[in-house]
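User: Please take a close look at the annotated positions for me. I want to know where they sit and what surrounds them.

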Amino acid sequence: SHLLLLNGPNLNLLGTREPEVYGSTTLADIETQLAREAQALGHQLSVFQSNHEGALVDRVHRARDEKVGFILINPGAYTHTSIALRDALLGVCIPFIEIHLSNVHARERFRHHSYLSDVAAGVILGLGAQGYSLALQAAHARLSNNT
Ligand code: DQA
């Protein structure tokens, strides 16, 4: 299937951004590794990162035209603010897994609420960059069961 990896604001700084919280792996490392793993599982992975809410919404809409079967998304801080991103994901009817590098529940209160979690297929958090691979495996399992 065609899969889409979305990363939200400030995740382009991964590797140098608060490494004690987010680790030292760069976003390019994560994207390259995940594309390789997706291909090994027989999928094609598109990747997109933006610091702009509307650009992420537009990319979600485009995913429907591209017949994307599953979205993996780390929405960054938009997790805690964006009804627009929630509505976009619901609007295209594409299942998605929400990913966070850090354990948001061990952090500030404002990170405890997500506008996406209750409509996500699942949520993976606190496991660092490995969370992306785990999400891919889960998406693969779901897609295999459906086809
Ligand atoms: C994050 C957690 C968010 O609260 C934060 O705003 C981020 C990254 C994570 O991956 O742990 O930008 O989504």
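Analyst: Start with burial: a residue is buried if 20 or more other C-beta atoms, placed from the backbone, lie within 10 Å of its own, exposed if 12 or fewer, and partly exposed in between. This is a predicted model, so local features need pLDDT of at least 70 and side-chain atom pairs 80 or more, while totals for chains, interfaces and linings use all residues. Numbering runs from 1 along each chain as its sequence is written.

First, the setting. The chain has five helices and five strands (DSSP runs, H or I of at least four residues for helices, E of at least two for strands, numbered from the N terminus). Their order along the sequence is β-α-α-β-α-β-α-β-β-α. About 40 × 30 × 25 Å is the span of the C-alpha trace along its principal axes. Of the 147 residues, 32% count as buried.

Now the active site. An unreviewed UniProt entry lists Tyr-22 and His-100 under "active site"; such annotations may be inferred rather than shown by experiment. The pair is spread over 79 residues of sequence, yet clusters in space, with a largest C-alpha distance of 9.2 Å.

Tyr-22 belongs to helix α1 (residues 19-22). Tyr-22 is partly exposed because 19 C-beta neighbours lie inside 10 Å. Beyond the residues up to four places away in sequence, Tyr-22 touches Leu-14, Arg-17, Leu-101 and Ser-102. Contact here means C-beta atoms within 7 Å.

His-100 is in strand β4 (residues 96-100). His-100 has 22 C-beta neighbours inside 10 Å, so His-100 counts as buried. Setting aside neighbours within four places in sequence, His-100 contacts Asn-74 and Leu-125.

What surrounds the ligand? The shell is Asn-10, Asn-74, Gly-76, Ala-77, Thr-79, His-100, Leu-101, Ser-102, Val-104 and Arg-111 (C-beta atom within 6 Å of the ligand). His-100 is thus on the active-site list and in this shell. Leu-101 and Ser-102, which Tyr-22 touches, are in the shell too.

Next, the binding-site list. The same unreviewed kind of UniProt record gives Asn-74, His-80, Asp-87, Leu-101, Ser-102 and Arg-111 as "binding site". These positions cover 38 residues of sequence and are also spread in space, up to 24.3 Å between C-alpha atoms.

Arg-111 lies in the loop between β4 and β5 (122-125). Arg-111 counts as partly exposed because it has 17 C-beta neighbours inside 10 Å. Outside its neighbours within four places in sequence, Arg-111 is in contact with His-80 and Val-104. His-80 is itself on the binding-site list, and Val-104 is one of the residues around the ligand.

Asp-87 is in helix α4. Asp-87 is partly exposed because 14 other C-beta atoms lie within 10 Å.

Follow α4 (83-92) one step further. The buried residues of α3 pack against α4, and also against β1 (2-7), β2 (44-49) and β3 (70-74). In α3 (residues 53-65), those buried residues are Leu-56, Arg-59, Val-60 and Ala-63. Seen down the α3 axis, they fall within an arc of 100 degrees, so they line one face of the helix. The face turned away from this buried side carries exposed Gly-54, His-61 and Asp-65. Just after α3, Lys-67 takes a positive phi of about 60 degrees.

How values were computed: The arc is that of the directions from the helix axis to the C-beta atoms. Two residues are in contact if their C-beta atoms, placed from the backbone, lie within 7 Å.
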